[in-house]
2 protein chains.
Amino acid sequence: MDTIKKLIKDKGQRFTSQKKEILCALQQKPQTVLEIYKAVNSKKNSMDKTTVYRILTNFLDLGIVNKVQLNDKEARFELSNRKHHHHLVCEDCGNIENIQLPEDTLLKVVKKKSDFKIKSHSLEFFGVCKHCQ
Amino acid sequence: MDTIKKLIKDKGQRFTSQKKEILCALQQKPQTVLEIYKAVNSKKNSMDKTTVYRILTNFLDLGIVNKVQLNDKEARFELSNRKHHHHLVCEDCGNIENIQLPEDTLLKVVKKKSDFKIKSHSLEFFGVCKHCQ
DNA sequence: TGACTTATTGCAATTTATTTGCAATAATAA
DNA sequence: TTATTATTGCAAATAAATTGCAATAAGTCA
């Protein structure tokens, strides 16, 4: 939290109560804007949805959060200070789990096969979680 | 094309000129609804955007097309009768290339590591293409 | 071929997701 | 404590996707 606060202030930006709230609401699990909005407004607080959008865009610029696009149209956000990982999305209950995978070999193959300078990648799995099977 | 026509008719659905047009417009490269809409309307034809949406949804149900969600919010569609592949997306010019990768080992690790019954996955790479480097 | 049935289309209007403009507010520095 | 200005909330605009419904046309059968 303090690292993030410093990061924000070093950019000449302000560490507002709204930003703090959103940071608290963000779990590892990627959440939609609406979910984050509901989470912060479930307490005594009230925050406009526009503010949620703006803060998340700002956090994205600063590298504090990652944007995760799953199969639905709503974007999702998660804190970026976790280890690099991928997602397992349950098509029944919508639950999302993180998973870490060895992917060095795969990335090497891509580098060999293509002229692209790869900067990032996303790897998402869709299926049915244990609970829904 | 005939396989697809049969698939449609076997479901008691009609093989309309609009569906034919959209099939022609679909390349391997995943396109947005707007791109497909423009492609079909560039000729003498005129087709409503709603129709494009509806036909693509229908094709998705029948498994004729795949939905591809990249980092932007607009969904993309591509014919599903190609070999399974992944995408290289240039962040500069927006160009999208297909790439085929050996992924058996990766999928095996996922199965070993998780309780999920994996049904599909998406693997997208973002970077800079040769031309833009 | 022509008439009939009904899936499909086009158009207008909605809904949903996201963005923008601007005055009021509040975080920080002096 | 005051001044500066980044940020917020609200209303309105834009963009993406969906829905209702009457008109159209694909396929069927006489």
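**Group meeting: a histidine, a two-fold axis and two DNA strands**

Let's start with a histidine: the side chain of His121(A) makes a polar contact, at 3.3 Å, with the side chain of His84(A). By polar contact I mean a pair of N or O atoms within 3.5 Å; within protein, one has to be able to donate a hydrogen and the other to accept it, and residues adjacent in sequence count only if both atoms are side-chain atoms.

Quick housekeeping. This is a predicted model, where local features need pLDDT of at least 70 and side-chain atom pairs count only at pLDDT 80 or more, while totals for chains, interfaces and linings use all residues. Residues are numbered from 1 along each chain as its sequence is written, chains are lettered from A and ligands numbered from 1 in the order in which they are written, and side-chain values use heavy atoms, with hydrogens and water left out.

Back to His121(A). Another polar contact, of 2.7 Å, links its side chain to that of Glu103(A). His121(A) sits in strand S6 of chain A, residues 117-128; helices (H or I, at least four residues) and strands (E, at least two) are DSSP runs, numbered from the N terminus. Is His121(A) buried or exposed? It's buried, with a relative accessible area of 17%; buried is under 20%, exposed is over 50%, and partly exposed is in between, using a 1.4 Å probe and protein chains only. Leaving out residues up to four places away in sequence, His121(A) touches residues of the other chain too, including Leu123(B) and Phe125(B). Touching, or contact, means heavy atoms within 4.5 Å.

So how do the two chains relate? Chain A superposes on chain B by a rotation of 180° with 0.0 Å of shift along the axis, RMSD 0.1 Å. That's the relation of a two-fold axis. In chain A, Leu123(A) has the C-alpha nearest that axis, 2.2 Å away. Both copies use the same surface, with 100% of the contact residues of chain A recurring in chain B. The superposition is by least squares on C-alpha atoms of residues with pLDDT of at least 70 in both copies.

Now the DNA. Strand D has 22 residues around it, and among the closest are Thr16(A), Lys19(A) and Tyr53(B). Near, here, means that a heavy atom of the residue lies within 4 Å of the strand. Of the atoms of DNA strand D within 4 Å of the protein, 63% belong to sugar and phosphate. Lys19(A) puts a side-chain N or O atom 2.9 Å from a phosphate oxygen of DNA strand D, and for Thr51(A) that distance is 2.5 Å. Arg14(B) goes for a base instead: a polar side-chain atom lies 3.0 Å from a base nitrogen of DNA strand D. Which element gives the most to this surface? H4(A), with 4 residues. By type, the surface near DNA strand D has 5 nonpolar, 8 polar and 9 charged residues. Nonpolar covers Ala, Val, Leu, Ile, Met, Phe, Trp, Tyr, Cys and Pro; charged is Asp, Glu, Lys and Arg; the others, Gly among them, are polar.

On to strand C, with 23 residues around it. Sugar and phosphate make up 64% of the atoms of DNA strand C within 4 Å of the protein. Thr51(B) has a polar side-chain atom 2.5 Å from a phosphate oxygen of DNA strand C, while one in Arg54(B) lies 2.8 Å from a base nitrogen of that strand. Here H4(B) supplies the largest share of the surface, 4 residues.
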